[in-house]
Amino acid sequence: MRRLAPAALLALAALAVASGAAAAVPEKGSIAVFAGLGPAIPFEGDYDIGFHLEAGGEYYLSNVLALRATFGLTRSDADVDSDVTIGSLEASAVYYGRRGKWSPYALGGVGIHAVDPPGQGQKQRLGAHVGAGTEYYLDRRTALTGQVTGRFVGSTGGRTSSFAAVTLGIKYHF
């Protein structure tokens, strides 16, 4: 119980600071970096729910449109005492709908995925992805993020490598 008290005080302090936060409105030519982590939900029934880790950057073409590059790592257990690992490099277009401290967005793009399925060698696959999310600004430069993305990679080793990822993360605007 004593360990919870400092955490609760820290959470209250963060909420108090966040209540006065003003959202950044990225300008044309500005950049941002982000990182996120969450569950990966495979479309194939033979795979278990795994994890997805991603990091990347954005370049703003305007205050509502950005180009995004994302590096990702996804891992999921399979039914054959092994797992599948997917490394990815994706390019996306992101459209933002600014709403004060909240900034919902939609994204879509393509990527190259290195898929290492159970009992098979690594194979490269082109894929597409679509998603949506939101940012909540803690201050002018820092935002908490939440995103849902469907990644359509195709089949490798007789199983689909496509999955949905739900990520929570942080983003910093320069």
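Strands here are DSSP runs of E with at least two residues, numbered from the N terminus. With that in hand, here are some exercises on this predicted model.

**Exercise 1. Place histidine 129 in the fold, decide whether it is buried or exposed, and list what surrounds it.**

Step 1. Start with the element: histidine 129 belongs to strand β6, which covers residues 123-137.

Step 2. Next comes the accessible area. Buried means under 20% relative accessible area. Histidine 129 has a value of 2%, so it is buried.

Step 3. Now look at the side chain. A polar contact of 2.6 Å joins the side chain of histidine 129 to that of serine 92.

Step 4. Finish with the neighbours. Leaving aside residues up to four places away in sequence, histidine 129 touches Glu90, Ala91, Ser92, Leu107, Gly108, Gly109, Val110, Thr149, Gly150 and Arg151.

**Exercise 2. Describe arginine 125 in the same way, and say how far it is from serine 88 in sequence and in space.**

Step 1. Arginine 125 is also a residue of strand β6.

Step 2. Partly exposed residues fall between the buried limit of 20% and the exposed limit of 50%. With a relative accessible area of 27%, arginine 125 is therefore partly exposed.

Step 3. Its contacts, again without residues up to four places away in sequence, are Gly111, Ile112, His113, Val115, Val153, Ser155 and Thr156.

Step 4. For the distance, take the C-alpha atoms: arginine 125 and serine 88 are 9.4 Å apart in space and 37 residues apart in sequence.

**Exercise 3. Work out how β4 is paired with β3 and with β5.**

Step 1. Take β3 first. This strand runs antiparallel to β4 (residues 83-96), and 13 bridges join the two. As a point of reference, threonine 70 stands opposite glutamate 90 in β4.

Step 2. Turn to β5 (residues 102-116). Here too the strands are antiparallel, with 12 bridges between β4 and β5. Alanine 93 has glycine 108 in β5 as its bridge partner.

Step 3. Look at the connection. β4 and β5 make a hairpin with five residues between them, and in the turn glycine 100 has a positive phi of about 70 degrees.

**Exercise 4. Find which residues are linked in a network of salt bridges, and trace the pairs that involve glutamate 58.**

Step 1. Recall the principle: side chains of opposite charge can pair when their charged atoms come close. The cut-off used here is 4 Å from a side-chain nitrogen of Lys or Arg to a carboxyl oxygen of Asp or Glu. The count comes to five salt bridges.

Step 2. Begin with arginine 68 and glutamate 58, whose side chains form a salt bridge at 2.7 Å, N to O. Arginine 68 is in strand β3 and glutamate 58 in strand β2, so this pair ties together parts that are 10 residues apart in sequence. Both arginine 68 and glutamate 58 are buried.

Step 3. Glutamate 58 also meets lysine 171 in a salt bridge, at 2.5 Å from N to O. This pair links distant parts of the chain, 113 residues apart, with glutamate 58 in strand β2 and lysine 171 in strand β10 (residues 163-173). Lysine 171 is buried, as is glutamate 58.

Step 4. Put the network together: its members are Glu58, Arg68, Glu135 and Lys171.

Step 5. Add another salt bridge, between glutamate 54 and arginine 151, where the closest N and O atoms are 3.2 Å apart. Because glutamate 54 lies in strand β2 and arginine 151 in strand β7 (residues 142-152), the pair ties together parts 97 residues apart in sequence. Glutamate 54 and arginine 151 are both buried.

**Exercise 5. Identify the residues of the nonpolar surface patch, and check how exposed tyrosine 59 is.**

Step 1. The patch of about 820 Å² consists of Ile31, Val33, Tyr59, Leu61, Leu65, Leu67, Tyr95, Tyr172 and Phe174. Two or more of its residues come from each of β1 (31-42) and β3 (65-77).

Step 2. Tyrosine 59 sits in strand β2, residues 50-60. Its relative accessible area of 40% makes tyrosine 59 partly exposed.

**Exercise 6. Summarise the whole chain.**

Step 1. Count the elements: there are one helix and 10 strands. Along the sequence they follow the pattern α-β-β-β-β-β-β-β-β-β-β.

Step 2. Consider burial and surface. Of the 174 residues, 41% count as buried. The chain exposes about 9200 Å², with carbon and sulfur atoms supplying 66% of it.

Conventions: Residues numbered from 1 in each chain as written. Predicted model: local features only at pLDDT ≥ 70, side-chain atom pairs only at ≥ 80, totals over all residues. Heavy atoms only, no water. Patch = residues over 30% accessible without salt bridge, like charges linked within 9 Å, V, L, I, M, F, W, Y side chains within 5 Å. Areas by Shrake-Rupley, 256 points an atom, 1.4 Å probe, with all protein chains shown as cover. Helix = DSSP H or I, 4+ residues; strand = E, 2+ residues; numbered from the N terminus. Buried < 20%, exposed > 50% of the residue type's maximum accessible area, 1.4 Å probe, protein only. Pairing = 2+ DSSP bridges. Polar contact = N/O pair within 3.5 Å; in protein donor to acceptor, adjacent residues only side chain to side chain. Contact = heavy atoms within 4.5 Å.
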